[in-house]
Amino acid sequence: MEESRIIKMINNNPNIISTIENPTDEMKLLAIKKDGLTLEYIENPTIEMQELALENNIRAIKYIDEPTEDMMLKAVNSGWSLLEYIKNPTEKVVEIAINQAGWAIKHAKNPSERLQLLAVRKNYDSIKFIKEPYESVQKEAVKISYDALRYIKMPSFNIQLEAIKSNEAAIGLIYGLDKSKKLELLKANILVIKYIAREIDKDELEEVLKDVLSREDVEEKYVRDFLNCSIIDRNSSNIQMDKIIFIHKYGSKKAKKIAVDEKLKMI
């Protein structure tokens with residue numbers, strides 16, 4: 001078949017390149033210029049052909065076996081999902097993709113701790129795409145949203161405590177809790193009492209509160225949450241307690257100072 005006729009055929013339908021034996025570079029370049037995805041049918045394409053294919057259709061990256069880093073960057077800068085088609089991305093390429101969406105981590109093999117942290121900070125639920133997340137990554141994810149706990153296969157109790165600190169509702173995602181662990185959760189977040197008030201007696205609660213409120217490094221949020229918790233109150237139908245008197249009796253200087261400030265707000 002005459003070369004001029006083949007050129008005309010390619011010009012009309014670039015995919016015809018897949019049926020042509022030993023096409024010339026001119027034919028290859030024409031096909032790629034018309035449709036970058038025809039790179040799939042071209043054996044041993046030159047750098048020029050690869051770059052031309054990417055210019056025409058960035059998804060042609062999937063047909064480049066060993067793209068340069070510049071090619072990789074060009075691809076992920078146009079869309080993080082294209083990381084899926086890059087066989088051996090550099091750390092920089094993966095980072096660019098993750099900066100767009102944390103979920104890009106699913107296309108990274110054995111991502112570093114730094115990349116994992118970057119991913120969950122971008123989208124906390126991207127932790128579900130990390131096979132063995134570092135403990136620091138798990139901690140970061142549940143601090144952002146306790147809901148991340150549902151995506152961690154075997155969280156340690158320390159991670160569960162971090163989730164509880166983030167939001168007391170995390171208790172709904174923690175299973176197999178015995179009494180001692182429930183008391184530990186109360187030490188992390190007093191508002192857990194909303195979910196376990198019937199399981200904890202007043203003496204047990206007081207021991208928890210004495211332990212936490214007596215600390216000089218007690219968190220301000222803990223003290224204020226305790227003071228504003230309606231389940232624990234002088235007139236409560238659940239657990240009756242004069243919280244101001246309790247802090248005056250057992251609280252640290254810091255706890256007492258916060259209590260005074262909170263009381264003034266109520267006046």
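In this predicted model, 17 residues line the largest pocket, and those that sit nearest its centre are Lys165, Lys187, Ala188, Arg215 and Glu219. The space inside the largest pocket comes to about 390 Å³. Sorted by class, the lining breaks down into 9 charged, 6 nonpolar and 2 polar residues. Three helices turn up as the elements that each put two or more residues into this lining: α8 (157–166), α9 (179–188) and α12 (220–228). Of the contributors, α8 chips in with the largest share, 4 residues.

Helix α12, which helps line the pocket, also turns up in two helix packings. One of these is with helix α11 (residues 202–213): the axes of α11 and α12 cross at roughly 145 degrees and come within 11 Å. The crossing of this pair is left-handed. On the α11 side, the residues involved are Val208, Leu209, Val212 and Leu213, and they meet Tyr222, Val223 and Phe226 of α12. The class count for this contact is easy to remember, with 7 nonpolar residues and no polar or charged ones.

The other packing pairs α12 with helix α13 (residues 243–250), at an angle of about 140 degrees and with the axes 9 Å apart. Here α12 brings Val223, Phe226, Leu227 and Asn228, while α13 answers with Lys243, Ile244, Phe246 and Ile247. This contact splits into 6 nonpolar residues, 1 polar and 1 charged. Val223 and Phe226 of α12 are worth picking out, as they take part in the contact with α11 and also in the one with α13.

Over at the other pair of helices, α1 (residues 3–12) packs against α2 (residues 25–34) with the axes 9 Å apart and an angle of about 15 degrees. Because angles under 35 degrees count as roughly parallel, α1 runs roughly parallel to α2. The crossing of α1 and α2 is right-handed. From α1, the contact draws on Glu3, Ile6, Ile7, Ile10 and Asn11, and from α2 on Glu26, Met27, Leu30, Ala31 and Lys34. In terms of class, the α1 and α2 contact holds 6 nonpolar residues, 3 charged and 1 polar.

Conventions:
Residues are numbered from 1 along each chain as its sequence is written. This is a predicted model: local features need pLDDT of at least 70, side-chain atom pairs count only at pLDDT 80 or more; totals for chains, interfaces and linings use all residues. Side-chain values use heavy atoms; hydrogens and water are left out. Axes are lines fitted to C-alpha atoms, for helices over the stretch in contact, and angles run from 0 to 180 degrees between N-to-C directions. Angles under 35 degrees count as roughly parallel, over 145 as roughly antiparallel, 65 to 115 as roughly perpendicular and the rest as oblique. A crossing is left-handed if the near helix is turned anticlockwise from the far one by less than a right angle, and right-handed if clockwise. Contact means heavy atoms within 4.5 Å. Ala, Val, Leu, Ile, Met, Phe, Trp, Tyr, Cys and Pro count as nonpolar, Asp, Glu, Lys and Arg as charged, and the others, Gly among them, as polar. On a 1 Å grid over the protein atoms alone, a cavity is a set of points where a 1.4 Å probe fits but cannot get out, and a pocket is an open set with protein on both sides within 12 Å along at least five of seven lines; lining residues have an atom within 4 Å of a point. Grid points are joined across faces, edges and corners, and a volume is the space filled by probe spheres set on the points.
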